Amino acid sequence: MTSHEHYMARALLLAERGLFTTDPNPRVGCVIVNNDEIVGEGWHQRAGEGHAEVNALYMAGSLAKGADAYVTLEPCSHFGRTPPCADALIKAEVKRVFVAMQDPNPLVAGNGINRLQQAGIEVIVGTLEQQAKGLNPGFCQRMRSDRPFVRSKMAMSLDGRTAMASGESKWITGPDARQDVQKLRARSSAILTGMGTVLADDPALTVRPEGDWYPENQAVRQPLRVVVGSHNIPQTAKLFDSPDTVLLATNSKNNAEGKAGVLTLPEQDGHIDLISLMTELAAREINEVMVEAGSKLNGALLAAGLIDELIIYMAPKVMGDSAKGLFHLPALQTMAQNIELTITDIRAVGKDWRITAIPEYTKAK
């Protein structure tokens with residue numbers, strides 16, 4: 001690893017501190033280096049607050065002059081809730097700026113880099129670029145495709161079952177896996193489920209952090225809860241125990257009553273158009289969607305090519321032939337129709353195993 005990669009890796013670690021709190025903004029880190037010594041560090045902590053570059057420059061003070069800045073995302077060049085970070089770097093008179101990746105927004109990509117270069121600052125783009133992209137999959141995808149990154153979380157037995165024939169499913173996995181799921185919820189902009197899951201399990205779908213993994217002195221940011229269904233959500237559902245927003249995505253115009261907001265969508269083959277749903281969520285600045293649903297909704301999302309990543313917790317138990325499977329995919333009749341996956345990670349979580357996989361169709365995106 002070169003020294004430039006070393007400092008950018010540090011900036012990426014700083015950016016990761018905002019994993020649960022920056023939404024809908026990207027997670028960004030910055031390191032200021034003068035004479036091979038880190039003199040300033042910063043990361044974006046929460047939307048509306050200081051960006052990574054401004055926080056790092058504040059720490060560096062006058063030592064930023066003539067220094068190198070390592071930023072995980074192209075410095076912004078426009079006025080939003082805060083002034084442009086490119087201008088702050090120019091005012092501080094840094095010598096060089098290393099940028100891991102360009103801003104993925106096609107309307108602004110390259111503008112921050114151009115502004116720095118026009119001010120006589122050398123800009124080097126691409127240091128640890130793939131790692132930087134991996135930190136913000138939802139923000140990148142929303143900017144480029146007007147669609148959030150969809151991550152489906154599922155729990156199964158060793159024989160691939162998710163619930164008994166009666167619908168009973170608590171608990172397939174152990175407490176360590178369930179706490180790991182809380183981290184996935186915490187990083188998500190929205191949690192998506194189906195009406196069948198609401199009626200069968202009555203989940204709250206809230207972030208309930210235990211331990212020290214959630215940032216200190218930061219209020220827990222609750223994701224939007226989205227229910228796909230053609231009927232009103234029961235008024236006694238645990239979803240409403242939290243004051244945070246619940247959205248009913250439906251194809252019916254008769255769902256205006258109740259505690260949930262209503263998003264009326266077109267139909268596709270007699271069902272809610274899931275592609276339209278994702279477009280609507282992107283318009284609401286939803287970066288990452290976590291799916292916690294049954295086999296029907298998961299099967300429909302997979303068949304539509306909308307799942308970008310699968311997180312499957314596998315428990316060391318057997319549930320038998322009559323138990324329910326992971327996906328409802330009746331259209332798959334031959335081996336030639338199978339949906340191939342690439343496993344990217346397998347690790348133990350308590351007594352269970354967590355498998356991360358991506359569908360092969362994602363490689364064409």
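The exercises below, each with a worked solution, concern a predicted model.

**Exercise 1. Describe the five-stranded sheet: give its strand order and find its edge strands.**

Solution.
Step 1. Write down the order. The strands of this open sheet follow one another as β2-β1-β3-β4-β5, and their pairing is mixed.
Step 2. Look for strands that pair on one side only. These are β2 (37–43) and β5 (122–125), the edge strands.
Step 3. Add the twist. With direction ignored, neighbouring strands in this sheet are turned against each other by 15° on average.
Step 4. Take one pair in detail. Strand β4 (residues 96–99) pairs with β5 in the parallel sense, over four bridges. In this region V99 stands opposite V125, a residue of β5.

**Exercise 2. Which strands do helices α1 and α2 lie against?**

Solution.
Step 1. Start with α1. This helix packs on the sheet and touches β1, β2, β3 (68–71) and β4. The direction of α1 makes about 145° with that of β1.
Step 2. Turn to α2, residues 52–60. Helix α2 lies across β1, β2 and β3, and runs at about 140° to β2.

**Exercise 3. Describe the nine-stranded sheet and explain what is special about its two edge strands.**

Solution.
Step 1. Write down the order. This open sheet runs β11-β10-β9-β8-β14-β6-β15-β18-β17, with mixed pairing.
Step 2. Find the edges. β11 (261–264) and β17 (341–349) each have a single partner strand, so each has one side without a neighbour in the sheet.
Step 3. Add the twist. From one strand to the next, the twist averages 25°.
Step 4. Take one pair in detail. Strands β6 (residues 149–157) and β14 (residues 288–291) are parallel and joined over four bridges. R151 stands opposite M290 of β14.
Step 5. Place the helices. Helix α7 (residues 175–187) packs on the sheet and touches β6, β8 (190–194), β14, β15 (309–315), β17 and β18 (352–359). The direction of α7 makes about 165° with that of β15. Helix α9 (residues 274–283) also packs on the sheet, and its contacts are with β6, β8, β9, β10 (246–250), β11 and β14. The angle between the directions of α9 and β9 is about 160°.

**Exercise 4. Classify the ring pairs that F20 makes with W213 and with Y214.**

Solution.
Step 1. Note the total. The structure holds five aromatic pairs.
Step 2. Test F20 and W213. Their ring centres are 5.1 Å apart and their planes stand at 70°; because planes over 60 degrees apart count as edge-to-face, this pair is edge-to-face.
Step 3. Locate the two residues. F20 is in the loop between α1 (3–16) and β1 (29–34), and W213 is in the loop between α8 (195–201) and β9 (224–228). The pair links parts of the chain 193 residues apart.
Step 4. Test F20 and Y214. Here the centres are 5.7 Å apart and the planes are at 15°; because planes under 30 degrees apart count as stacked, this pair is stacked.
Step 5. Locate Y214. This residue lies in the loop between α8 and β9, so its pair with F20 ties together parts 194 residues apart in sequence.

**Exercise 5. Decide whether F20, W213, Y214 and I275 are buried, partly exposed or exposed.**

Solution.
Step 1. Recall the cut-offs: buried is under 20% relative accessible area, and exposed is over 50%.
Step 2. Apply them to the rings. F20 has 9% relative accessibility and therefore counts as buried. W213, at 17%, is buried. Y214, at 9%, is buried.
Step 3. Apply them to I275, a residue of helix α9. Its relative accessible area is 47%, so I275 is partly exposed.

**Exercise 6. How many residues does the largest nonpolar core have, and which of them have the most contacts inside it?**

Solution.
Step 1. Begin with the general tendency. In soluble globular proteins, nonpolar side chains tend to be buried together.
Step 2. Count. The largest nonpolar core has 40 residues.
Step 3. Name the residues with the most contacts inside the core: M8, I32, Y70, L89, V94, V97 and L116.
Step 4. Find the main contributor. The largest share of this core, six residues, comes from α1.
Step 5. Follow V94. Apart from neighbours within four places in sequence, V94 is in contact with L57, A64, G66, A67, L89 and I121.
Step 6. Look elsewhere. Another core lies apart from this one; its 31 residues include L281, V289, L297 and I307.

Methods: Residues numbered from 1 in each chain as written. Predicted model: local features only at pLDDT ≥ 70, side-chain atom pairs only at ≥ 80, totals over all residues. Heavy atoms only, no water. Phe/Tyr/Trp six-rings, centres within 6.5 Å; stacked < 30°, edge-to-face > 60°. Buried < 20%, exposed > 50% of the residue type's maximum accessible area, 1.4 Å probe, protein only. Pairing = 2+ DSSP bridges. Axes fitted to C-alpha atoms, helices over the stretch in contact; angles between N-to-C directions. Contact = heavy atoms within 4.5 Å. Core = buried A, V, L, I, M, F, W, Y, C linked by side-chain atoms within 4.5 Å.
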